[in-house]
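Thanks for coming, everyone. Let me put the structure up, and then we'll walk through it.

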Amino acid sequence: MRGRRAIVGGMALLALAACDVPPPPAPAGAPPVLSAAPVAPKLAPEVAARTFVEVVARLEPVAEAECRVRRGGNCDFLIAVDEEAGDQVNAFQTLDPDGRPAIVFTPGLIAEARNADELAFVLGHEAAHHIEDHIPQTQQQARSGALLAGLAAAVLTSGADPTTQQSVIDQALRAGAFVGARRYSKEHELEADALGTVITKRGGYDPLRGALFFERLPDPGDEFLGSHPRNADRLATVRRVAAGL
């Protein structure tokens with residue numbers, strides 16, 4: 001699927017580090033980390049593949065049931081592996097040409113898993129993006145951002161020759177769409193983490209253990225127009241929701 005059609009929304013899990021680097025000492029008063037244990041080794045390829053199949057079989061009906069309760073319809077998830085992605089470490093939620101919700105894993109992400117809980121948490125997170133209706137929201141935000149930027153560019157270039165004006169407006173439309181789509185992306189990721197925690201737990205997996213993959217992600221911090229929140233914020237969300245279950 002990927003590479004043959006545009007992807008809107010979803011979550012990229014980039015560069016999961018395989019090295020085990022001791023964390024720096026936590027400052028006084030800081031919340032405890034999820035785990036001080038060394039990073040677990042990757043699963044053997046055949047074990048990772050079998051674990052993925054088992055997680056999908058167990059968690060897909062849970063995600064679909066949660067979808068029907070919260071969303072009402074269009075809850076028949078298609079879960080697939082994009083063999084063309086190779087070693088890329090990625091998972092995303094999209095819609096197929098008929099509007100059916102699809103969750104796509106790359107072989108690289110499956111190979112990076114340390115346990116079933118991590119695969120379950122990623123699956124729950126991606127299912128949550130669809131249940132929370134994030135793709136249509138992102139598309140609407142992109143359209144709104146493009147419209148506002150285009151109108152501003154038209155006003156600023158009034159009196160310019162038509163070719164120059166159109167060029168400036170086109171650039172503004174693209175920039176406005178990008179900024180608009182990014183406007184609530186961090187909020188969407190935290191919403192998906194929260195609901196993903198619920199789905200993971202109700203499927204019989206440990207969301208706290210599953211969310212440990214965040215400890216192997218580069219922290220996006222406060223990157224300007226970044227699409228993902230800080231790892232600490234994501235972990236705090238998982239802890240908070242899990243504590244209430």
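In what order do the three strands of the open sheet run? The order is S1-S3-S2, and the pairing is mixed. Keep in mind that this is a predicted model. Strand S1 (78–81) and strand S2 (91–95) are the edge strands. Each of them pairs on one side only. On average, neighbouring strands are turned by 25° against each other, direction ignored.

Look at S1 and S3. They run parallel, and four bridges join them. Pick out Ala80: its bridge partner in S3 is Val104.

Now the core. The largest nonpolar core has 39 residues. Phe77, Ile79, Phe105, Leu123, Ile199 and Phe214 have the most contacts inside it. Where do the residues come from? Several elements supply at least two each, among them helix H1 (45–70), strand S3 (101–105) and helix H6 (185–202). Helix H8 (231–243) is also one of these suppliers.

Take Ile199. Leaving aside residues up to four places away in sequence, Ile199 touches Leu59, Val62, Ala63 and Glu66, as well as Gly124, Ala127, Ala128 and Ile131.

Next, Leu109, in helix H2. Is Leu109 buried or exposed? Its relative accessibility is 4%, so Leu109 counts as buried. Leu109 and Ala48 are 61 residues apart in sequence, yet their C-alpha atoms are 9.9 Å apart in space.

On to charges. How many salt bridges does the structure hold? Ten.

Start with Glu66, which we met beside Ile199. The side chain of Glu66 meets that of Arg70 in a salt bridge, at 2.6 Å, N to O. Both sit in helix H1, four residues apart, so about one helical turn separates them. Glu66 counts as buried because its relative accessibility is 8%. Arg70 is partly exposed, with a relative accessible area of 47%.

Second pair: Arg100 and Asp76. The closest N and O atoms are 3.3 Å apart. Arg100 lies in the loop between S2 and S3, and Asp76 in the loop between H1 and S1, so this pair ties together parts 24 residues apart in sequence. Arg100 is partly exposed at 28% relative accessible area. Asp76 also counts as partly exposed, at 45%.

Third pair: Arg234 and Asp193, at 2.8 Å, N to O. Arg234 belongs to helix H8 and Asp193 to helix H6, so parts 41 residues apart in sequence are tied together. Both residues are buried.

Last item. Lys42, Glu112 and Arg114 are joined into one network by salt bridges that share partners.

Note on methods
Residues numbered from 1 in each chain as written. Predicted model: local features only at pLDDT ≥ 70, side-chain atom pairs only at ≥ 80, totals over all residues. Heavy atoms only, no water. Core = buried A, V, L, I, M, F, W, Y, C linked by side-chain atoms within 4.5 Å. Buried < 20%, exposed > 50% of the residue type's maximum accessible area, 1.4 Å probe, protein only. Contact = heavy atoms within 4.5 Å. Pairing = 2+ DSSP bridges. Axes fitted to C-alpha atoms, helices over the stretch in contact; angles between N-to-C directions. Salt bridge = Lys/Arg side-chain N within 4 Å of Asp/Glu carboxyl O.
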